Amino acid sequence: MTDTRRMTLTEIEDLALRALLTAGATEANARPLAMATAATEADGVASHGLAYIPTYAEHLRCGKVDGQASPTVTHTRPGVLLADAGTGFAHAAIDAGFAQLIPLAREQGVAGLFVRESYNCGVLGIHTARLAEAGLVGLGFTNAPASIAPSGGARPVVGTNPFSLATPGEDGLLIDQSASTIAKSEVMKHAREGRPIPEGWALDADGQPTTDPEVGLKGSMAPSGGYKGVGVALLVETMAAALSGALLGKDAAPFSGTAGGPPRTGQCFLAIDPDAGAHGLFAERMGALTAAIRAQAGARLPGDGRRANRARAVAEGVEVSTATLAKIEAIFA
């Protein structure tokens with residue numbers, strides 16, 4: 001059984017912040033990422049929380065991400081913003097963009113933010129949830145280094161490429177899913193632990209199913225729903241990379257390891273004022289939709305699990321692996 005230590009969200013944010021500062025990030029770059037790390041742990045997505053801090057530190061030190069970057073935001077059209085992350089953390093660029101995106105969406109009804117020259121943005125739903133908390137419908141897309149092969153092929157061309165939808169309200173939806181059957185980080189976790197993966201998670205170099213995580217990492221991730229998952233990945237690649245001017249997944253350096261330099265991937269966020277089209281009917285329609293789901297015994301809304309985890313984390317803290325904490329402590333050595 002894995003040893004753990006219970007930590008408050010404030011302690012998690014503080015530890016992440018100190019580690020990132022020690023590894024070479026400025027306060028402006030480290031703070032948004034540390035806050036997102038605590039929020040990710042609260043949501044119960046431990047694979048992208050504190051466990052990722054040693055990787056962030058490694059990438060700060062090897063130059064895969066610029067911890068001194070200063071993102072710039074340009075207003076390119078009445079309802080469009082373009083943020084250049086300068087090969088820094090996506091979180092700082094997204095923060096700078098959201099400061100303008102939220103009021104712009106309220107004014108215009110619909111507004112978009114494109115981010116390029118960016119690094120891994122972590123859990124995408126953390127960002128779209130912020131738009132929902134501001135009373136907006138948030139749509140998010142982020143591309144990743146290639147790990148999914150096209151239908152009928154075996155060579156990766158697009159990444160696991162998540163998309164997210166968040167809607168406002170206490171019973172709002174939070175959909176956050178990748179184009180692959182499972183997040184690549186889970187396959188990497190199984191490889192580190194020497195455990196096999198379930199069939200259907202990854203494919204070998206010939207496009208055949210495998211239960212060996214090492215073989216899967218050298219092959220490709222299995223797309224969710226077959227060709228439909230590939231379609232989702234292509235949709236996200238279009239929104240997050242082609243429209244932002246970021247590198248395509250096939251050209252991006254990997255998020256793992258130290259080789260290849262900055263990945264220079266991208267994100268896209270669309271913020272929509274619910275009253276712009278529905279004129280006050282949005283809450284009624286969404287309420288009817290969620291009520292129809294709640295009326296079924298055992299049915300859950302996308303986002304229910306994260307809401308429950310967050311409430312528990314605020315009240316009780318979060319169990320964090322002591323092995324992860326040991327790796328973070330090594331950053332200070």
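Reader: Which strand is S5 joined to by 6 bridges, and which way do they run?
Author: That's strand S11, residues 265-272, and S5 and S11 run antiparallel. Keep in mind that this is a predicted model.

Reader: Fair enough. Can you give me a residue pair? What's the bridge partner of Thr 142 in S11?
Author: Thr 142 has Gln 267 as its bridge partner there.

Reader: And where does S5 have 4 bridges?
Author: Those go to strand S6, residues 163-166, and that pairing is antiparallel too. In S6, Ser 164 is the bridge partner of Gly 140.

Reader: How many of the residues in S5 are buried?
Author: 5 of the 6. The strand covers residues 137-142 and is mostly covered.

Reader: OK, switching sheets. What's the strand order in the open sheet of 3 strands?
Author: The order is S9-S8-S10, and the pairing is antiparallel.

Reader: Why is one side of S9 and of S10 left without a neighbour in the sheet?
Author: Strand S9 (209-210) and strand S10 (220-221) stand at the edges and each has a single partner strand, so one side of each has no neighbour in the sheet.

Reader: How many bridges join S8 to S9?
Author: There are 2, with S8 spanning residues 202-203. As for a residue pair, Leu 203 in S8 has Pro 209 in S9 as its bridge partner.

Reader: New topic: pockets. How much space lies in the second largest pocket?
Author: About 360 Å³.

Reader: Which residues are closest to its centre?
Author: Met 35, Ala 36, Ala 39, Ile 126 and Arg 130, out of 19 residues that line the second largest pocket.

Reader: Which elements give two or more residues to that lining?
Author: Helices H1 (9-23), H2 (27-42), H4 (90-108), H5 (124-133) and H11 (304-316).

Reader: And how does the lining of the second largest pocket split by class?
Author: You get 10 nonpolar, 3 polar and 6 charged residues.

Reader: Last one, Arg 192. Which helix is it in?
Author: Helix H6, which takes in residues 184-193.

Reader: Is Arg 192 buried or exposed?
Author: Exposed: its relative accessible area is 58%, and the cut-off for exposed is over 50%.

Reader: How far apart are the C-alpha atoms of Arg 192 and Glu 214?
Author: They're separated by 9.1 Å, with the two residues 22 apart along the chain.

Notes. Residues numbered from 1 in each chain as written. Predicted model: local features only at pLDDT ≥ 70, side-chain atom pairs only at ≥ 80, totals over all residues. Heavy atoms only, no water. Buried < 20%, exposed > 50% of the residue type's maximum accessible area, 1.4 Å probe, protein only. Pairing = 2+ DSSP bridges. 1 Å grid on protein atoms, 1.4 Å probe; cavity = no way out; pocket = protein on both sides within 12 Å on 5 of 7 lines; lining within 4 Å. Points joined across faces, edges and corners; volume = space filled by probe spheres on them. Nonpolar A, V, L, I, M, F, W, Y, C, P; charged D, E, K, R; others polar.
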